[in-house]
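User: I would like to work through this structure by question and answer, with the terms set out as they come up. Please begin once it is shown.

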Amino acid sequence: MDTNLQNFPRVFYQKHIRCLIPTTAQPGQIFYFNPDGNIDESIVIGLQFLPSNGYSSKLYIGGNRLQATSTDAASALITLVNNNTDDIMQDYPVNGLFNGSSTNVQKVNRMSAEISLKKCFIKWTGASPASNTEFLFSIFYKQKN
Amino acid sequence: MYGIPIYKLTVGVELNLSTIGNGTIIQFPDNPILREPGVMIEGVETYVNSSTGLAKTPGGLTLVSQSGGTGLVLNLVDNTNQQRVFNHPYLAFNAPSNQGVSREFLPFELVMQKCSIQVTDPTNLVAGQGVYVVFLYSKKSQRTPLKK
């Protein structure tokens with residue numbers, strides 16, 4: 001375990017990644033993230049789920065989609081895959097990437113991994129969502145040395 | 001920086017609470033990922049069924065509720081047969097119940113088949129519900145030496 005304060009993640013670059021769960025989603029179905037070349041060529045150092053409820057506020061996503069809430073996330077498991085096609089996080093609860101309330105410690109999951117975004121996915125475990133639901137994450141990354 | 005571990009690798013393990021008598025001990029199933037030589041456990045998270053938790057396990061079991069979770073304790077045993085976690089409350093490893101903090105440990109080799117969950121109060125549990133425990137782990141090659 002890395003206990004060195006020096007290694008606490010600092011924001012080098014940050015962007016959003018998104019995964020859409022359509023109204024036709026069935027329990028056990030998986031949905032892939034949109035590929036992003038910048039992420040694929042970088043080292044991911046932090047990841048945070050951004051639900052529309054709670055402190056992280058609503059973001060404009062446009063179209064006929066709704067930003068996922070933490071209640072939606074209770075039916076979602078995320079799998080992150082690195083560029084060697086190894087699972088880094090396997091069936092990890094999406095709400096584990098979120099701290100629950102504004103009074104809690106801000107939780108950004110610290111990582112240090114080369115992630116291949118096009119191989120990452122969300123597994124949906126709930127009933128069909130009423131609207132197209134988009135899961136937004138903040139991803140913090142740095143370029144490879 | 002205790003309480004905020006680096007998520008190198010994680011794997012979730014689910015357990016079916018098929019029997020929920022008072023004092024019932026339910027062993028964890030073997031896990032080939034965690035059994036691999038050189039895999040060290042660095043943190044543990046547990047989940048309950050809530051709007052900030054998880055509704056279903058990957059295998060489709062309904063998770064125990066927050067109140068159900070108060071009737072469970074966790075036991076983890078390492079490869080030297082030491083109880084690294086002994087009868088520790090299940091909810092104490094639940095991040096949303098603990099200001100969003102995940103519990104981390106000095107790395108140890110886990111022997112999954114010797115680990116268990118014990119039911120201490122079945123009042124708010126239903127047979128067939130599941131528990132979901134996420135292990136944060138690293139492999140030997142990824143380990144960063146501890147700073148003194």
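Analyst: Helices (H or I, at least four residues) and strands (E, at least two) are DSSP runs, numbered from the N terminus. This is a predicted model, in which local features need pLDDT of at least 70 and side-chain atom pairs count only at pLDDT 80 or more, while totals for chains, interfaces and linings use all residues. Residues are numbered from 1 along each chain as its sequence is written, chains are lettered from A and ligands numbered from 1 in the order in which they are written, and side-chain values use heavy atoms, with hydrogens and water left out.

User: In what order do the elements of chain A run from the N terminus on?

Analyst: Chain A has two helices and nine strands. Taken from the N terminus on, the order of these elements is β-β-α-β-β-α-β-β-β-β-β.

User: Is Ser116(A) buried or exposed?

Analyst: Ser116(A) lies in the loop between strand E7 (109-113) and strand E8 (121-124) of chain A. Contact here means heavy atoms within 4.5 Å, and, apart from neighbours within four places in sequence, Ser116(A) is in contact with Asp40(A), Val81(A), Asn82(A) and Asn83(A). Buried means under 20% relative accessible area, exposed over 50%, and partly exposed in between (1.4 Å probe, protein chains only). Because its relative accessibility is 6%, Ser116(A) counts as buried.

User: Which residue forms a salt bridge with Asp91(A)?

Analyst: A salt bridge is a side-chain nitrogen of Lys or Arg within 4 Å of a carboxyl oxygen of Asp or Glu, and the whole structure holds seven of them over all chains. In the one formed by Asp91(A), the closest N and O atoms are 3.4 Å apart, and the partner is Lys123(A). The pair links distant parts of the chain, with Asp91(A) in strand E6 (residues 87-93) of chain A and its partner, 32 residues apart, in strand E8 of chain A. Both residues are buried, Asp91(A) and likewise Lys123(A).

User: Which residue meets Arg84(B) in a salt bridge, and how far apart are they, N to O?

Analyst: Arg84(B) is partly exposed, with a relative accessible area of 34%. Its partner counts as buried, because the relative accessibility of Asp78(B) is 3%. The two side chains meet in a salt bridge, Arg84(B) with Asp78(B), at 3.2 Å.

User: Which strand gives the most to the largest nonpolar core?

Analyst: A nonpolar core is a set of buried Ala, Val, Leu, Ile, Met, Phe, Trp, Tyr and Cys residues joined through side-chain atoms within 4.5 Å. The largest has 72 residues, and those with the most contacts inside it are Ile78(A), Phe135(A), Phe137(A), Leu34(B) and Phe135(B). The element that gives the most to this core, with seven residues, is strand E8 (residues 129-138) of chain B.

User: Why does Cys19(A) have no bond to Cys120(A)?

Analyst: A disulfide is a pair of cysteine sulfur atoms within 2.5 Å, and the structure holds zero disulfides over all chains. Cys19(A) is buried at 1% relative accessibility, and Cys120(A) is buried too, with a relative accessible area of 0%. The closest cysteine sulfur to that of Cys19(A) is in Cys120(A), and there is no bond because the distance is too far, at 9.7 Å.

User: What ipTM and pTM does the model score?

Analyst: For chain B, the mean pLDDT (the predictor's confidence in each residue, from 0 to 100) is 88, and 90% of its residues reach 70 or more. The model scores ipTM 0.78 and pTM 0.83.
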